[in-house]
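Subject: The structure, and what was found in it

Hello,

I am handing the structure over to you below, and I would suggest having it open while you read the notes that follow.

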Amino acid sequence: MSADSAPQRSNRTTRATERTRRVRRSAALTAGLAATALLVSACGSGGTSGGGGNTNFVTSTDGVATVAQGKRTPAPDLSGKTIAGKNLDVADYKGKVVVLNVWGSWCNPCRAEAKYFSKVSKEYADKGVQFVGINTRDTSTGAALAFEKDWGITYPSLYDPTGKLLLRFKKGTLNPQAIPSTLILDRDGRIAARSLSALSEERLLKMLKPVVAEK
């Protein structure tokens with residue numbers, strides 16, 4: 001064996017190891033993007049349940065799924081920066097009914113429902129109801145802020161451009177799987193209702209009023 005054969009072999013081993021690491025990183029990134037794509041469909045009219053087995057929810061003919069009080073699951077940790085750059089934790093609103101709306105400024109159905117969310121959020125502000133948006137797939141906050149200004153939306157929105165917050169919802173629960181999606185959380189922070197399509201004022205109130213009326 002020549003004196004320089006060992007360093008050459010070492011270099012080959014190092015290059016092979018680095019190639020393996022690059023392949024693993026690429027596979028992990030691809031898997032993450034695929035998971036996001038499966039969970040959050042492109043902006044459209046709706047989606048379907050992501051869970052199997054006993055999901056405990058019932059979907060009505062208008063596409064709104066609801067869960068009885070005793071069978072609800074808690075919402076996951078939903079905290080981070082808003083599109084305005086402020087800290088927000090949805091758990092801080094425990095004791096209130098929370099309306100979570102997943103939206104994007106690029107989404108036509110989101111624009112169609114925005115005026116209803118703006119109107120109802122103001123009407124129910126003194127009735128123990130807090131609206132919170134989750135802005136997703138906007139590459140910057142500028143377009144999202146302009147969207148809120150255009151539609152008179154005054155409640156906060158978490159900034160979730162890659163869908164990481166949405167992936168925290170457990171499969172088989174009333175998880176948001178489309179843009180737009182709307183969830184109603186009861187006063188204990190549990191998921192009470194879900195819609196996977198744009199809402200009219202009538203359908204939004206149909207989801208919201210029964211939860212507000214709960215004791």
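A search of the whole structure, which is a predicted model, finds three aromatic pairs. In one of them, the ring centres of phenylalanine 117 and phenylalanine 131 are 6.1 Å apart and the planes stand at 85 degrees, which is over the 60 degrees needed, so this pair counts as edge-to-face. Because phenylalanine 117 belongs to helix α2 while phenylalanine 131 belongs to strand β6 (residues 129-136), the pair ties together parts that are 14 residues apart in sequence.

Phenylalanine 131 also forms an aromatic pair with tyrosine 155, and this one is tilted, with 5.5 Å from centre to centre and 40 degrees between the planes. Here strand β6 supplies phenylalanine 131 and the loop between α3 and β7 (157-160) supplies tyrosine 155, so the parts tied together are 24 residues apart in sequence. Taken together, ring pairs link Phe117, Phe131 and Tyr155 into a cluster.

Are these rings buried or exposed? Phenylalanine 117 has a relative accessible area of 1% and is buried, phenylalanine 131 is buried at 2%, and tyrosine 155 is buried as well, at 8%.

Another ring has a charged neighbour, since lysine 127 lies over the face of tyrosine 124, at 4.4 Å from the ring centre.

Next comes the search for cavities, which finds one of 30 Å³ or more in the whole structure, with a volume of about 70 Å³. The elements that give two or more residues to its lining are β5 (97-103), α2 (108-123) and α3 (141-151), and the largest share, four residues, comes from α2. Among the lining residues are Phe117 and Tyr155, which you have met in the ring cluster, together with others including Trp103, Cys110 and Phe147. Sorted by class, the lining has seven nonpolar, two polar and two charged residues.

Finally, please look at aspartate 186, which is found in the loop between β8 (181-185) and β9 (191-195). Its relative accessible area is 2%, and because buried means under 20%, aspartate 186 counts as buried. Which residues does aspartate 186 touch, if those up to four places away in sequence are not counted? They are Arg72, Lys96, Ala192, Val211 and Glu214. The C-alpha atoms of aspartate 186 and glutamine 69 are separated by 8.7 Å, although these two residues are 117 residues apart along the chain.

Best wishes

Technical notes: Residues are numbered from 1 along each chain as its sequence is written. This is a predicted model: local features need pLDDT of at least 70, side-chain atom pairs count only at pLDDT 80 or more; totals for chains, interfaces and linings use all residues. Side-chain values use heavy atoms; hydrogens and water are left out. On a 1 Å grid over the protein atoms alone, a cavity is a set of points where a 1.4 Å probe fits but cannot get out, and a pocket is an open set with protein on both sides within 12 Å along at least five of seven lines; lining residues have an atom within 4 Å of a point. Grid points are joined across faces, edges and corners, and a volume is the space filled by probe spheres set on the points. Ala, Val, Leu, Ile, Met, Phe, Trp, Tyr, Cys and Pro count as nonpolar, Asp, Glu, Lys and Arg as charged, and the others, Gly among them, as polar. Buried means under 20% relative accessible area, exposed over 50%, partly exposed in between (1.4 Å probe, protein chains only). Contact means heavy atoms within 4.5 Å. Rings of Phe, Tyr and Trp (its six-membered ring) pair if their centres lie within 6.5 Å; planes under 30 degrees apart count as stacked, over 60 as edge-to-face and the rest as tilted. A charge sits over a ring if NZ of Lys or CZ of Arg is within 6 Å of the ring centre and within 35 degrees of the ring normal.
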